[in-house]
Amino acid sequence: MKWICYLLAASLIPAAALADQQRHHTATQGVEKSAVHQGTGKVVAVDRAKLSIKLAHEAIKSLGWPGMTMDFTVADAALLDGIKGGDTVTFELGKDAKTGKWLITRITPQGAKLPAVN
Ligand SMILES: [Cu+2]
């Protein structure tokens, strides 16, 4: 399903923003408050230095995204505190106002409350 993710990203994000994304900005940037979406998923990997988290997320209906495994950028490294592979989490996604890329603005571990994502 990963290619679907890239197609969605390519259709939503201008080419300049995609190039920008690969430079791994470390500063927290403004997020459009009007476009916040919520998702649930299982943490596959965390790379704090790159502000990156790989999630096997369930479908995000408000975005029309199917469930898939993909990398997300977090708005701040502190969001990754206490988050580790195997955790089930809920998260909020916002669109960066400047670059148009998706940023995770909140992550909450759910522990054993939800069934595992396969
Ligand atoms: Cu995805």
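# A tour of the predicted chain

This is a predicted model. Colour the chain by pLDDT before anything else: the mean is 79, and 64% of the residues reach 70 or more. Among the elements, helix α2 (residues 15-21) has the lowest mean pLDDT, at 45, while β2 has the highest, at 98.

Select residues 15-28. The pLDDT is below 50 over this stretch, which has 11 contacts in the model beyond near neighbours in sequence. Where pLDDT is low, the predicted coordinates should not be read in detail.

**The whole chain**

Switch to a cartoon view. There are 2 helices and 5 strands in the protein chain. Followed from the N terminus, the elements come in the order α-α-β-β-β-β-β. Of the 118 residues, 21% are buried. Take the contacts with a separation of 6 or more: 63% of them are between residues 24 or more positions apart.

**The strand pairs**

Select β2 (52-57) and β3 (68-74). The two strands run antiparallel and are joined by 6 bridges. To see one position in this pair, pick I53, which stands opposite F72 in β3.

Keep β3 and add β5 (102-109). In which sense do β3 and β5 run, parallel or antiparallel? They run parallel, with 2 bridges joining them. Two positions to pick here are T73, which stands opposite L103 in β5, and V74, which stands opposite I104 in β5.

Now show β4 (88-96) with β5. These strands pair in the antiparallel sense over 7 bridges. Click on E92, whose bridge partner in β5 is R106. Then follow the chain from β4 into β5: the two form a hairpin with 5 residues between them. In the turn, select G100, which has a positive phi of about 80°.

**The nonpolar core**

In soluble globular proteins, nonpolar side chains tend to be buried together. Which residues touch the most other members of the largest nonpolar core here? They are V74 and I104, in a core of 15 residues. Strands β2, β3, β4 and β5 each supply at least two residues of this core. The most come from β5, which gives 4 residues.

Centre the view on V74 and show what surrounds this residue. Leaving aside neighbours within four places in sequence, V74 is in contact with L51, I53, L79, L80, L103 and I104. Some of these names were met earlier on the tour: I104 is the residue opposite V74 in β5, and I53 is the one opposite F72.

**A stop at K54**

Return to β2 and select K54, which is found in this strand. Is K54 buried or partly exposed? K54 counts as partly exposed because there are 17 C-beta neighbours inside 10 Å, whereas a buried residue would need 20 or more.

Next, show the contacts of K54. Not counting residues up to four places away in sequence, K54 touches V44, A45, T69 and D71. Finally, draw a distance line between the C-alpha atoms of K54 and G41: the two residues are 13 apart along the chain, and the separation is 9.7 Å.

Definitions and conventions
Residues are numbered from 1 along each chain as its sequence is written. A nonpolar core is a set of buried Ala, Val, Leu, Ile, Met, Phe, Trp, Tyr and Cys residues joined through C-beta atoms within 7 Å. A residue is buried if 20 or more other C-beta atoms lie within 10 Å of its own, exposed if 12 or fewer, and partly exposed in between; C-beta atoms are placed from the backbone. Two residues are in contact if their C-beta atoms, placed from the backbone, lie within 7 Å. pLDDT is the predictor's confidence in each residue, from 0 to 100. Two strands pair if DSSP finds at least two bridges between them.
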